[in-house]
Amino acid sequence: MVFRTNNVKRLIIDLSSVSWKALLAGEDKEFGRIVEHEGKQVKVNSAEYGYENAMNHIVAAMNDHGIVPINVIIVREGANSKDHRKFLAGGYFEYKGSRGSRPPEAYAEFNKLNDRLIDVLTKVGACSVSQRGIEADDVIAYLAKNLQGERYILSSDGDLYALVDQNVHLIRNGELDVSPFGPIQPRWIGVYKALVGDSSDNIPGVKGFGPKTFLDLFVTLDDEDMDYFLECFEKRQLHTLAGAVTEHPQLKKVLEQTDLAYKSYECARLY
């Protein structure tokens, strides 16, 4: 007998994203509590409240796309997960360093929720994976690239749109394969973030190169140009664009800040 797996539908769950979304949605009037954090009164919802929200979200995705529990993969953040990207970005220790802090009580409920989701889902056939020193996004990228069949990623992280293709889909905020970056191909998202930056992850981007500047440049380039731009980042050959500055003046800022552009790309890309 030959087992054929190329038609399998799989759900890849970005656990941190799903859990935080579930915990922060609305107000837990039954088990929620007020705590003091950094001089402010902060409402913390309970793991019990988050569990109901998260399971509703997960089950809806499974039902919508005909996925059974045995084909669900839960990706949990590994220990020291940001180390790999910081190292490749030349020791950029500020990566994700500007995110607003949450009270310890919120992290305690978050961890309880993660444990409960993994316990319940693995008991019905799902599996849970993580990799020390590697971010969940990169584990998800590996699975999306190497598994057969249709793969559905459940996450609120728009950066994972970079993985979308004919057989890889992103379920984000109840929508399927909707780009949060406008009309650019998924493979160019790393270039976009390298130039524009991302304040939520503390990726600096090129100074003075915002979304409008990117759009002004983008509309003057065809797919071949954008693929070459991507290749320049991959091979660290941005200097080869010097001859195009006259026609595309936006590139001048990039060429003046290539070190910052490369550092931002190493933080933004998926591995």
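I started with Asp225, which is partly exposed because its relative accessibility is 33% (buried is under 20% relative accessible area, exposed over 50%, partly exposed in between, with a 1.4 Å probe and protein chains only). I found Asp225 in helix α8, residues 223-234 (helices are DSSP runs of H or I, at least four residues, and strands are runs of E, at least two, numbered from the N terminus).

Note to self: this is a predicted model, where local features need pLDDT of at least 70 and side-chain atom pairs count only at pLDDT 80 or more, while totals for chains, interfaces and linings use all residues. Residues are numbered from 1 along each chain as its sequence is written, and side-chain values use heavy atoms, leaving out hydrogens and water.

Next, the cysteines. I searched the whole structure for disulfides and got zero (a disulfide is a pair of cysteine sulfur atoms within 2.5 Å). Why is Cys267 not bonded to Cys232? The two sulfurs are 20 Å apart, so they are too far for a bond. I looked up the cover too: Cys232 counts as buried because its relative accessibility is 1%, and Cys267 is buried as well, at 3%.

Then I checked backbone angles. Which phi does Asp177 have? It is positive, about 55 degrees, although Asp177 is not a glycine. I placed Asp177 in the loop between β8 (175-176) and α6 (189-196), and it is partly exposed at 25%.

Asn202, another non-glycine, has a positive phi near 60 degrees. I found Asn202 in the loop between α6 and α7 (211-218), partly exposed with a relative accessible area of 23%.
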